[in-house]
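Open the model in your viewer and keep the selection tool at hand. The stops below go from the whole chain to single residues.

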Amino acid sequence: MFILRFITPILFPAIRLGCFLFILFLSVALQAQNIPPHRLTSWVNPGSEPAFQFDKTSVITNFGADPSGKSPADSAFLAALSALNGA
């Protein structure tokens, strides 16, 4: 009887807290999301085709850019850009 008087005030709040947390977890975990069909995407072939087709390309290091990136490459970028535009 003495043990019950000692444990009861400690045990019941812990049980109540555990039940509250369990119900809170279930209420969050069991929520579902219904996505309308017009918002769904077909993922049959993701990334199978490139997004852009480039007609002309230019390597910026051919115009004097530092490949390590430690020095500015502004002039090399402008030279590569003007080479692509045909200017």
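Start with the whole protein: 2 helices and 0 strands. Both terms come from DSSP runs, with H or I over at least four residues for a helix and E over at least two for a strand, numbered from the N terminus. This is a predicted model, where local features need pLDDT of at least 70 and side-chain atom pairs pLDDT 80 or more, while totals for chains, interfaces and linings use all residues. Residues are numbered from 1 along each chain as its sequence is written, and side-chain values use heavy atoms, without hydrogens and water.

Now show the surface. Its accessible area is about 8,500 Å², and 65% of that belongs to carbon and sulfur atoms (Shrake-Rupley method, 1.4 Å probe; for residues, only the protein chains shown count as cover). Of the 87 residues, 3% are buried (under 20% relative accessible area; exposed is over 50%, partly exposed in between; 1.4 Å probe, protein chains only).

Select F20, in helix α1. Add L17, L21, L24 and V28: with F20 they form a nonpolar surface patch of about 500 Å² accessible area together. Patch residues have over 30% relative accessible area and no salt bridge (a side-chain nitrogen of Lys or Arg within 4 Å of a carboxyl oxygen of Asp or Glu); nonpolar side chains (Val, Leu, Ile, Met, Phe, Trp, Tyr) are joined within 5 Å, like charges within 9 Å.

Next, V59. Find V59 in the loop between α1 (2-29) and α2 (74-85). V59 is partly exposed, at 48% relative accessible area. Add A76, 17 residues away along the chain: the C-alpha atoms of V59 and A76 are 9.8 Å apart.

Finish at N85, in helix α2. Is N85 buried or exposed? Exposed: its relative accessible area is 59%. Select K56 too; N85 and K56 are 29 residues apart in sequence and 9.2 Å apart C-alpha to C-alpha.
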